[in-house]
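Me: I've got a structure open and I'd like to learn how to read it bit by bit. Could you walk me through it?

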2 protein chains.
Amino acid sequence: MRMADRQIAFSGSPLDRADNLRADPAALAGMMNWKARLLLLDGLMPSIGDDGRIAWGTLADAAPDAELVFLGLDRSEGGEKPCFAAVPGRGDASPRMANPQLWSLMANMEPGDLALYGGARSITDWHARHRFCAQCGEPTQIAKGGWQRDCPREEGGCGAQHFPRTDPVTIMLVEHASESGGRLMLGRGKGWPEGRFSALAGFVEPGETIEEAVQREVFEESGIRVHDVSYIASQPWPFPSQLMIGCHSHALNDDLVIDETEMAEINFYSREDVTAALAGTGPFIAPPPHAIAHQLLKWWIEK
Amino acid sequence: MRMADRQIAFSGSPLDRADNLRADPAALAGMMNWKARLLLLDGLMPSIGDDGRIAWGTLADAAPDAELVFLGLDRSEGGEKPCFAAVPGRGDASPRMANPQLWSLMANMEPGDLALYGGARSITDWHARHRFCAQCGEPTQIAKGGWQRDCPREEGGCGAQHFPRTDPVTIMLVEHASESGGRLMLGRGKGWPEGRFSALAGFVEPGETIEEAVQREVFEESGIRVHDVSYIASQPWPFPSQLMIGCHSHALNDDLVIDETEMAEINFYSREDVTAALAGTGPFIAPPPHAIAHQLLKWWIEK
């Protein structure tokens, strides 16, 4: 089964990004009319309507001085509705999975709503945390329908252009072959709840390929050398804006040297263990369905 | 043949990033001794020694107030030499492929030197262009051996932490099946030299998977819908700091609707055309060997 055929949470946005319109100020201005929809956010939190769907208002619901991001065109109801989101006053300084209210809202969202909210959250949060020029320190201005910020020379800036961030992160299954079949290496990060295990993960750094990042991260955290790294699937993760790149790899041995600054525990689990964990009856607590690690574990037991 | 087995330019750095040392100020300070090596850069340009290798000096060659980035440990000569690079006064405002002197130097570099230079260039350029806090506009300070910048509260900053950027870019082969075998869709960007064609490419945006980014970019630039997107190989690209994600996909048809704001021409080429182009005798000028597009074309004619 191809992973691309599975539903990856936060993917599958129904909007057409219509990025050709971003560079067309007249077209952008023309879309900011009574037909335009504004994604209703409370800061960065979604608003849910009585029908259980994410709630939309009109541009009149935005503050008069709000910066607006053009999310794309919604053609789901036949017409072509321009969709916007307003940049909140402040971003999320610690965008962890530790917001129970948000997770309970997201658990009930339709996949398309979840993808749309996730993408809108990433980009509005980026604006809220990037109001100044990193090159010269002057205030910047929103540009290109919210897909750029400019440091204006005419107001004493340096003229630099800034673009939204998407940070690639590798997340990897590490399989060790044994006589009784392959076992999967999973870790519990420092500070995670007792029993919660997932795939190791880490940011891709300047100067390395995806495969090199996988090999480096696994070795750093576990002391294990891996080979035959292969790509499985990817996921946009909106806390704040990662591109999760899911891979599989083979361990040369199982001699763990755990990096205790990052990891609390690392264990190897059999196919039966992982199957049971995904069913909620296993020797460890599996990552939640929204996380690509959950889908990678499913892929592994089915392959 | 697995693409991972090919030599991808800018990959294969011989340094151990030793990232556990970055968070250890005492260890970092201890490495800044007479054994430490400083990558000699002229701004962002490499220096080449009489032996044709990239040139190294000692920390005494850095300006007294230079910010130093810890690149990693070099164990190639048996010992364990800490390697650093100094942040230049200014970054590269237009990091295009338009610097003939740099390209002629890089053409003669050993693969390991090229990878090391590329990674060092990306991170020192990032520091040079990110000396201020994007959240509050105050000056930031280098931290964690150069893998972070902090906005210090004690000096009036907001306490934000900033990390080097790596921007994921999809670059994709688009194949259209025909009775005489598959043909590849390649494009000439606006402003490119006459006859130069390459794979289409574009940044992955917040809120989309790699596969969604491929489908969106191809449709935007060519009007072609693609399916069955598969990952082939990746490359770190240091102008300024992209992660090139090479993919293959299948076109549903060949009815081009060219985005004339981005592309000058798009054509379909046969296996014979691409083979001839890679040999320098084709109907188009192929991308240079340093570019992952070149390796993707080679992969395609050999598969």
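Reply: Sure, let's start with strands. Two strands count as paired if DSSP finds at least two bridges between them. Keep in mind that this is a predicted model. In chain B, strand E10 (residues 167-176) and E11(B) pair in the antiparallel sense, over three bridges.

Me: Which residue is the bridge partner of B:Glu175 in E11(B)?
Reply: B:Leu184 is the one sitting across from B:Glu175. E10(B) and E11(B) form a hairpin with six residues between the strands, and B:Gly181 there takes a positive phi near 105°.

Me: How many bridges does E11(B) share with strand E15 of chain B?
Reply: Seven bridges link E11(B) to strand E15 (residues 263-270) of chain B, again in the antiparallel sense. As an example, B:Gly189 has B:Met263 in E15(B) as its bridge partner.

Me: Is strand E11 of chain B largely enclosed or open?
Reply: For burial, you count neighbours: a residue is buried if 20 or more other C-beta atoms lie within 10 Å of its own. Strand E11 (residues 183-189) of chain B has five of its seven residues buried, so it is largely enclosed by the rest of the structure. Over in chain A, buried residues make up 42% of the 303 residues.

Me: What about B:Leu278: buried, exposed or partly exposed?
Reply: The in-between class covers counts above 12 and below 20. B:Leu278 has 17 other C-beta atoms within 10 Å, so it is partly exposed. You'll find B:Leu278 in helix H5 (residues 271-278) of chain B.

Me: Which residues does B:Leu278 touch, leaving out those up to four places away in sequence?
Reply: Here B:Leu278 touches B:Ala286, B:Leu297 and B:Lys298. You can also check a C-alpha to C-alpha distance: B:Leu278 and B:Pro288 are ten residues apart in sequence and 9.0 Å apart in space.

Me: Let's go to chain A. How many helices and strands does chain A have?
Reply: Chain A has six helices and 15 strands. Its C-alpha trace spans about 65 × 45 × 30 Å along the principal axes. Contacts tell you about the fold too: among those in chain A between residues at least 6 apart in sequence, 62% join residues at least 24 apart.

Me: What is the order of the open sheet of three strands in chain A?
Reply: To read a sheet, follow the pairing from one strand to the next. The order is E7-E8-E9 in chain A, with antiparallel pairing. Strand E7 (141-143) and strand E9 (161-162) of chain A are the edge strands, each pairing on one side only. Strand E8 (residues 148-150) of chain A is joined to E9(A) by two bridges, and A:Arg149 has A:His162 as its bridge partner in E9(A).

Me: Where do the domains of chain A lie?
Reply: The domain assignment gives domain 1 (3-129) and domain 2 (167-302) of chain A. Taken over C-alpha atoms, their centres are separated by 31 Å. Their contact takes 18 residues from domain 1 of chain A and 14 residues from domain 2 of chain A. On the domain 1 side, the largest share, six residues, comes from H3(A). That same side divides into nine nonpolar, four polar and five charged residues.

Me: And how do I read the relation between the two chains?
Reply: Two copies of a chain are related by a rotation about an axis and a shift along it. Here, a turn of 180° and a shift of 0.0 Å along the axis lay chain A on chain B with an RMSD of 0.0 Å. The two copies are thus related as by a two-fold rotation axis. In chain A, A:Gly137 has the C-alpha nearest the axis, 2.1 Å from it.

Me: How many residues does the contact take from chain A and from chain B?
Reply: Chain A gives 46 residues and chain B gives 46 residues. Helix H3 (111-128), strand E10 (167-176), helix H4 (210-222) and strand E13 (226-237) of chain A each supply at least two residues of the side that touches chain B. The residues on that side of chain A divide into 17 nonpolar, 16 polar and 13 charged.

Me: Last one: what does the model score for ipTM and pTM?
Reply: The scores are ipTM 0.96 and pTM 0.97. Chain A averages a pLDDT of 94, and 97% of the residues score at least 70.

Technical notes
Residues numbered from 1 in each chain as written. Chains lettered and ligands numbered in written order. Predicted model: local features only at pLDDT ≥ 70, side-chain atom pairs only at ≥ 80, totals over all residues. Least-squares fit on C-alpha atoms with pLDDT ≥ 70 in both. Contact = placed C-beta atoms within 7 Å. Helix = DSSP H or I, 4+ residues; strand = E, 2+ residues; numbered from the N terminus. Nonpolar A, V, L, I, M, F, W, Y, C, P; charged D, E, K, R; others polar. Domains from an automatic or database assignment. pLDDT = per-residue confidence, 0-100.
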